[in-house]
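Colleague: Could you walk me through this structure, at a pace that suits a first-year student?

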Amino acid sequence: MHAVNPPSYRNWGKVVLPMLDNSIAAARQNGSCILLPGTIYNYGPFAFPLPDENSVQQPVSRKGRIRVEMEVRLRRASIQGAKALIIRAGNYFGPRAGNNWFSQSLVKPGRSVTAVTYPGRPGVGHQWAYLPDVAESMVRLVERASLENFATFHTEGHWDHGGRQMIEAIKRAVGRSDLPVLQLRWRLMALASPFIPLFRELREVKYLWDEPVRMTNARLRDAIGAEPLTPLDEAVRATLVGLGCLMESEQTVQNASGTRHSQGRL
């Protein structure tokens, strides 16, 4: 499982390929399979709105170009004695997962949810991937003995068709239908990006929020059957608890009028 990165992603562009080369060397020596969590960065807008496993990879960002090179090296290694399995998913979210849009924009880890800051435009669909579901898909694929030496699969996860379903799930989890929804200030981020490297990195992938991008999972279903999919409300609640945004003992109840209330402490 190649899931390593430098601390805080410092010098990622310089060290990520040597890191992968080390994994490839170990896999070739032992005849092992490398499992890589792939990204949507590999595709540019030319492949949208429905990229599949065979779509041409024409990235428009620096991160995307590096990611393409990673997969090129894995494909080459698959001809030289190693095996490679790439699982691609939408934006990750899940308990204790910090480096993703959910925990770096929508909510703030370790704090009560007082507002949701959403990066996308209203009405634009977005794809989310609950990490435990992705992990289960990976395990089921790895357990198959009939995979080719180089294989790529897309997961579908949770498709938010209008950019509101994730927001509404957060509102239900915290028991606040009046929770304010703010738009991410991309223009302010642009002004600050020369001084804050993280902002510069995030702006590179803004195009993924400007238009709907939906990977389908037909190939995955052919391989393992139904894709593991935790109900959205359950997944969001577990994520908020794991991020310290919601007390685990809280119970959301519904009164006779159908209004949701939260018992316990935020």
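Modeller: Gladly, and please keep in mind that this is a predicted model. A good place to begin is an open sheet, in which three strands follow the order β3-β5-β7 with mixed pairing.

Colleague: Which strands stand at the edges?

Modeller: Those are β3, residues 91-93, and β7, residues 158-160, and each of them has a single partner strand, so one side of each is left without a neighbour in the sheet. Direction ignored, neighbouring strands of this sheet are turned by 35° against each other on average.

Colleague: What holds strands of a sheet together in general?

Modeller: Strands pair through backbone hydrogen bonds, and the pairing can be either parallel or antiparallel.

Colleague: And how many bridges join β5 to β7 here?

Modeller: There are three bridges between β5 and β7, and these two strands run antiparallel. If you would like a residue to look for, H126 stands opposite D160, which belongs to β7.

Colleague: Which strands does α4 touch?

Modeller: Helix α4 packs on the sheet and touches β3, β5 and β7, while its direction makes about 70° with that of β5.

Colleague: Changing topic, how many cavities of 30 Å³ or more turn up?

Modeller: A search of the whole structure finds one cavity of that size, and about 40 Å³ of space lies in it.

Colleague: Which residues line the largest cavity?

Modeller: The lining is made up of A129, Y130, D133, V134, S137, T155, G157, E227 and P228. Two elements that you have already met, β5 (126-130) and α4 (131-142), are the ones that give two or more residues to this lining, and the largest share, three residues, comes from α4.

Colleague: What classes do the residues of that lining fall into?

Modeller: Four residues of the cavity lining are nonpolar, three are polar and two are charged.

Colleague: Now pockets: how much space lies in the largest pocket?

Modeller: The largest pocket holds about 1,500 Å³ of space. It is lined by 49 residues, and of these N5, Y9, Y41, R67 and N99 are the closest to its centre.

Colleague: Which helix gives the most to the lining of that pocket?

Modeller: That is helix α7, which covers residues 197-204 and gives five residues to the lining of the largest pocket.

Colleague: How does the lining of the largest pocket divide by class?

Modeller: If you sort the pocket lining by class, you find 27 nonpolar residues, 16 polar residues and six charged residues.

Technical notes: Residues numbered from 1 in each chain as written. Predicted model: local features only at pLDDT ≥ 70, side-chain atom pairs only at ≥ 80, totals over all residues. Heavy atoms only, no water. 1 Å grid on protein atoms, 1.4 Å probe; cavity = no way out; pocket = protein on both sides within 12 Å on 5 of 7 lines; lining within 4 Å. Points joined across faces, edges and corners; volume = space filled by probe spheres on them. Helix = DSSP H or I, 4+ residues; strand = E, 2+ residues; numbered from the N terminus. Nonpolar A, V, L, I, M, F, W, Y, C, P; charged D, E, K, R; others polar. Pairing = 2+ DSSP bridges. Axes fitted to C-alpha atoms, helices over the stretch in contact; angles between N-to-C directions. Contact = heavy atoms within 4.5 Å.
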